Amino acid sequence: MENLGDAYDLSGKTALITGSRKGIGFAIARTLAQAGANVVINGTADPESAQSAVTELQEAAEGGDAWYCQSDITKPGAADALFDEALAFTGQVDILVSNASVQRFMPFLEVTEEDIDYQYSANFKAAFVLIQRALAGMRERQWGRIVTIGSVQEETYNDKFAPYGALKAAQTHLVKSLAKSFSGEGITFNNIAPGLIDTVRNKEFLADSEAKEEILSRIPIGRVGQPKDCSGAALLLCSQAGEYITGANIFVEGGIRL
């Protein structure tokens, strides 16, 4: 019987993880590096500010290496440029984790066209472009893993998250469509939908003790999620262990949508 642990070994594979200088993206990058993958992380900060993250990944890596690409994927052409830079570092991208996103919490009637365009560029268009770019090489090699990071807002409805939730749902629909079309070529497509995770984005909300207690009362597991809670699902989906999982939407949210 084969050793199942070997199925999680990513030695020789290269992963591009967007929005990964910190938070969920960084936690996933660290886990993939520990599994042996080369990792390219991304953020809007300058390279000097990101050096500590790169160093931590290099120290955690089991045989792989790590690089950083500065890019604001809300800008036109930025996703293409990011992929080109990643290829310049690594030669190929075997695993794409599209994690970068933006969020504007506001009443539906106050949302402007600029708000919609800004969120669309990061929360859907960039993922679409990066998947197109990555898929070409993956099809040639007959192996690839594409994981998008969605949100519990895909299924828990709040008018103040209207564009964000709708775009995350659209991203998951895209992933399922591609899974149906291309999974026979050794490539899997899946989405991870986190709930309330203790990240910089949620720092202000979690500092409000009353709001925190209210939301904790709705989470069956009884705690706020940590970035590393998303890493196990990501490793499964990015490795050979998850080769028979495609078109899935895996919620990592402590049961709040229930």
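**Exercise 1. Placing Ser 71.** In the predicted model, Ser 71 sits in the loop between β3 and α3; determine whether Ser 71 is buried or exposed, and list which residues Ser 71 touches beyond those up to four places away in sequence.

*Solution.* Begin with accessibility: the relative value for Ser 71 is 10%, and because buried means under 20%, Ser 71 counts as buried. Next, turn to the contacts, from which residues up to four places away in sequence are left out: Ser 71 touches Asn 42, Gly 43, Thr 44, Ala 78 and Leu 82.

**Exercise 2. Reading the sheet.** Work out in what order the seven strands lie in the sheet, which strands stand at its edges, and which helices among α3 and α8 touch which strands.

*Solution.* Start with the strand order, which runs β3-β2-β1-β4-β5-β6-β7 in an open sheet whose pairing is parallel. The edges are then β3 (66-70) and β7 (249-252), each of which has a single partner strand, so that one side of each lacks a neighbour in the sheet. From one strand to the next, the twist averages 20°.

For a closer view of one edge, take β6 (residues 187-194) and β7, which pair in the parallel sense over four bridges; within this pairing, Ile 192 has Ile 250 of β7 as its bridge partner.

Now add the helices. Helix α3 packs on the sheet and touches β1 (14-17), β2 (38-43) and β3, with a direction that makes about 155° with that of β3. Helix α8 (residues 231-238) also packs on the sheet, where it touches β4, β5 (144-149), β6 and β7, and its direction makes about 170° with that of β6.

**Exercise 3. Salt bridges and accessibility.** Find how many salt bridges the structure holds, and for the pair Arg 141 and Asp 94 establish where in the chain each partner lies and whether each is buried or partly exposed.

*Solution.* The total is 11 salt bridges. In the pair of interest, the closest N and O atoms of Arg 141 and Asp 94 are 3.3 Å apart, which meets the cut-off because a salt bridge requires a side-chain nitrogen of Lys or Arg within 4 Å of a carboxyl oxygen of Asp or Glu. This pair links distant parts of the chain, since Arg 141 belongs to helix α4 (residues 113-141) and Asp 94 to the loop between α3 (78-90) and β4 (95-98), 47 residues apart. As to accessibility, Arg 141 is partly exposed at 32%, whereas Asp 94, at 2%, counts as buried.

Two further pairs can be treated in the same manner. Glu 214 and Arg 218 form a salt bridge with the closest N and O atoms 3.0 Å apart; Glu 214 is partly exposed at 41%, and Arg 218 is partly exposed at 42%. Asp 229 and Arg 223 meet in a salt bridge at 2.9 Å, N to O, and here Asp 229 has a relative accessibility of 23% and counts as partly exposed, as does Arg 223 at 41%. Elsewhere, salt bridges that share partners join Asp 80, Asp 84 and Arg 133 into one network.

**Exercise 4. The surroundings of Glu 185.** Identify which residues Glu 185 contacts beyond its neighbours within four places in sequence, and state what is notable about the phi of Gln 142.

*Solution.* Glu 185 lies in the loop between α5 (162-182) and β6 and, with 18% relative accessibility, counts as buried. Its contacts, sequence neighbours within four places aside, are Arg 139, Gln 142 and Trp 143. With Arg 139 there is also a polar contact of 2.8 Å between the side chains. Glu 140 is 45 residues from Glu 185 in sequence, with a C-alpha to C-alpha distance of 9.1 Å.

The contact partner Gln 142 is found in the loop between α4 and β5 and is partly exposed at 43%; its phi is near 60°, a positive value in a residue other than glycine.

**Exercise 5. The nonpolar cores.** Determine which residues of the largest nonpolar core touch the most other members, and which element gives the most to this core.

*Solution.* The largest core has 35 residues, of which Leu 32, Val 39, Ile 95, Val 97 and Ile 192 touch the most other members. Several elements each supply at least two residues, including β1, α1 (23-34), α2 (47-60) and α8, and α1 gives the most, with six. A second, separate core holds 29 residues, among them Ile 73, Ala 79, Val 129 and Leu 135.

Terms used. Residues are numbered from 1 along each chain as its sequence is written. This is a predicted model: local features need pLDDT of at least 70, side-chain atom pairs count only at pLDDT 80 or more; totals for chains, interfaces and linings use all residues. Side-chain values use heavy atoms; hydrogens and water are left out. Buried means under 20% relative accessible area, exposed over 50%, partly exposed in between (1.4 Å probe, protein chains only). Two strands pair if DSSP finds at least two bridges between them. Axes are lines fitted to C-alpha atoms, for helices over the stretch in contact, and angles run from 0 to 180 degrees between N-to-C directions. Contact means heavy atoms within 4.5 Å. A polar contact is a pair of N or O atoms within 3.5 Å; within protein, one must be able to donate a hydrogen and the other to accept it, and residues adjacent in sequence count only if both atoms are side-chain atoms. A nonpolar core is a set of buried Ala, Val, Leu, Ile, Met, Phe, Trp, Tyr and Cys residues joined through side-chain atoms within 4.5 Å.
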